[in-house]
Each structure stands twice: as C-alpha cells, then as structure tokens.
Amino acid sequence: MSIQSRQIKWALAVALIIVAATSARAQMRYARGQNVAPAFEGWERNPDGTINMVFGYLNRNYGEEVDIPVGPNNRVDLGGDDRGQPTHFYPRRQRFVFKVVVPADWDKNRKVQWTLTSRGRTDVAKGWLQPEWELNPGVYSENNSGGVLEEGNRPPSITGSTAQTLTMGNPATLTVSATDDGLPKPIQRATPNAATATSGPAPANADVNQRRRRAEGLRIRFIQYRGPGKVTFDPANVPAAYGKPMELTTKASFSAPGTYLLRAIAGDGQLESIHEVSVTVNAGGSAQSR
C-alpha cells in the first residue's frame, strides 16, 4: 500500500469519527444544565381591537425546572421589564404561555422583544404583525397536538379560588371547577372483524384525524407560573373525563416565603383556558385569606 493510499484511508477514518461524534452530540439529551430560550408564537386580535403578542419557550433540559426572576435576565422591552411573563420554566417546549397586549393601532413593523439569559447564554424572541403569523383556534389546536379543530369546539370555562395569604409551613388549599361543551367528541375506534380486516378504502365516516387528536376529554392541572421557591401540588391534576363538570382540589406547599402565581389549566385536548391565583407566603405571623 502506498503512502498516499494510507493517508487517504487515515483521513477518511478521522472524518468518520468526527461525524459520529457530532451526530452523538446532536442526539444527546440533557437532564439539566441547559438554557431556556423564548419563542414568539404569533399574534391575535381581541374583540376590542387590541392585539395579543403571544409567546412561549423552550427549556432545553429534559428534567430540570429553571427559575429566572423578572429583571435583566428576564425582561420584555415594553414599558418596563415585567409584562406578565413566567419566571418558572418547565422542561422542553411550552407553547402559548403568555400574551403581551398592544394597542389596536400598533405599527405592523414594530417589534416586541422578550429576552432571557440563563446558563451564560442570552436569547431574544421578537414578535411583530407578520400576516402569516396571525393565530386562530385552529392553530392553537394543531400546535397543542389536538389535530384539526373540531367544528363548534370552544375552550372550557374555569373558575376557582381567589388570592390567599398564609404562613410558611402551611399549605394552601385551592379548588377549581371547569365545564366544557363535550367537544372534540370521543374517537370511535372500530373493532376489527372479518369485514374490516380485508384491504380496501377506509369507510366514508372514518375519522381521518384520529391518529393525531388527543381523545382525552376535559382535564385540569395545576402548574407554578411564578415564585421564589418550589411549589408542590398534591394532587397536581385529575383524570380526564367526558360529558361532565370537573373539580380539582389540591394542597399547594411552598419551599420559601414570598409571592407565588399559580395557574390552573383546563383543556379538552384541543383548546385550553386558565385560572390564576396569587398566594403570599409569609415567614411568620398569622395567616388569613382575602
């Protein structure tokens, strides 16, 4: 074998090693230690003519929940840092998390920026009135893995506990109730038989959307949206059910004093509604509800 041939084979071997290492790195999943990146989801117009700029985020960790207080590392550049953005970030992609309201006559080229800095990295999401980015209920459903929005479906309605003040060490008892219109309807899964086992075209009444839609019914869950410590919910959710109102009572425990913002989310598998409750946890003194 010539020296040139050996050099070529050696170069190919090194190239293969580099490619394999790069591929493995790209497929690596990190449980913790990664940053959180903001995302602009789109915009929508309110009945009064004002406009919502809608944002979500990607927590690149698969396990770690990250906290970034409002301030230089978590800010929206619109009349102050705080525009209702989250400070507690759950793992992976979380869509349609909060909305920044702007006037009806908002300049279509003016941008709203949400900036997050974490793990030594700064990311910026910029939102403006690009026509292709206008949101509607169908877009929400598709991006929530609900598939094509079922005709007539409306978001669930949800009500619940009001703000509370308590002493550190005492849990908050929170109750929320939700109702829904029964849509999307449960998927009718055909039972295999001799007639359907043969090859041929799908029946005319087959639900072409059933492979993507979450056929789960009405569901309620609690999440932490803001706060200086960790919140534990017991329980955090209730099993989904069709065709009846639902109620969830949970005990929320707090790891540190301060003011927390909690969210109860009611979803039907395609659309969601939220109820927020503020809880103030004092280091000492008497507890009271207001």
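Biologist: How many helices and strands does the secondary structure of the protein come to?

Modeller: There are 3 helices and 18 strands. Both are DSSP runs, numbered from the N terminus: a helix (H or I) has at least four residues and a strand (E) at least two. This is a predicted model, in which local features need pLDDT of at least 70 and side-chain atom pairs count only at pLDDT 80 or more, while totals for chains, interfaces and linings use all residues. Residues are numbered from 1 along each chain as its sequence is written, and side-chain values use heavy atoms, with hydrogens and water left out.

Biologist: Thanks! Why is Val36 called buried?

Modeller: Its relative accessible area is 0%. Buried means under 20%, exposed means over 50%, and partly exposed lies in between (1.4 Å probe, protein chains only), so a value of 0% makes Val36 buried. Val36 sits in strand E1. Across the protein, buried residues make up 38% of the 290 residues.

Biologist: Which residues is Val36 in contact with, leaving aside its neighbours within four places in sequence?

Modeller: Contact means heavy atoms within 4.5 Å. Among the residues that meet this for Val36 are Tyr57, Leu58, Val66, Phe89 and Leu116. The C-alpha atoms of Val36 and Thr117 are separated by 7.6 Å, although the two residues are 81 apart along the chain. In the protein, residues 24 or more positions apart account for 68% of the contacts with a separation of 6 or more.

Biologist: And what makes Pro171 buried, exposed or partly exposed?

Modeller: Pro171 has a relative accessible area of 37%, which lies between the two limits, and therefore Pro171 is called partly exposed. You will find Pro171 in the loop between E10 and E11. Not counting residues up to four places away in sequence, Pro171 touches Leu166, Lys251, Ala252 and Ser253. Pro171 and Phe254 are 83 residues apart in sequence, and their C-alpha atoms are 7.1 Å apart.

Biologist: How do you know that E11 and E15 pair?

Modeller: Two strands pair if DSSP finds at least two bridges between them. Strand E11 (residues 172-179) and strand E15 (residues 246-254) have 7 bridges, in the antiparallel sense, so they meet the rule for pairing. Along this pair, Leu174 of E11 stands opposite Thr250 in E15.

Biologist: In what order do the strands of that open sheet come, and which are at its edges?

Modeller: The order is E9-E11-E15-E13, with antiparallel pairing among the 4 strands. Strand E9 (157-160) and strand E13 (231-234) are the edge strands, each pairing on one side only. The twist averages 30 degrees from one strand to the next. Angles run from 0 to 180 degrees between N-to-C directions, with axes as lines fitted to C-alpha atoms (for helices, over the stretch in contact).

Biologist: Which way do the side chains along E13 point?

Modeller: They alternate: Val231 and Phe233 point to one face and are buried, while Thr232 and Asp234 point to the other and are not. E13 and E15 pair in the antiparallel sense over 4 bridges, with Asp234 opposite Lys251 in E15.

Biologist: What makes E4 and E8 edge strands?

Modeller: Their open sheet has 3 strands in the order E4-E7-E8, with antiparallel pairing. Strand E4 (74-76) and strand E8 (121-127) each have a single partner strand, so one side of each has no neighbour in the sheet. Here the twist averages 10 degrees from one strand to the next. Strand E7 (residues 112-118) runs antiparallel to E8, joined by 7 bridges; in E8, Val124 is the bridge partner of Thr115.

Biologist: How many bridges join E10 to E17, and in which sense do they run?

Modeller: E10 is joined to strand E17 (residues 272-282) by 4 bridges, and the two run parallel. Val279 in E17 is the bridge partner of Gln164. From strand E10 (residues 164-167), Gln164 and Leu166 point one way and Thr165 and Thr167 the other, and all are buried.
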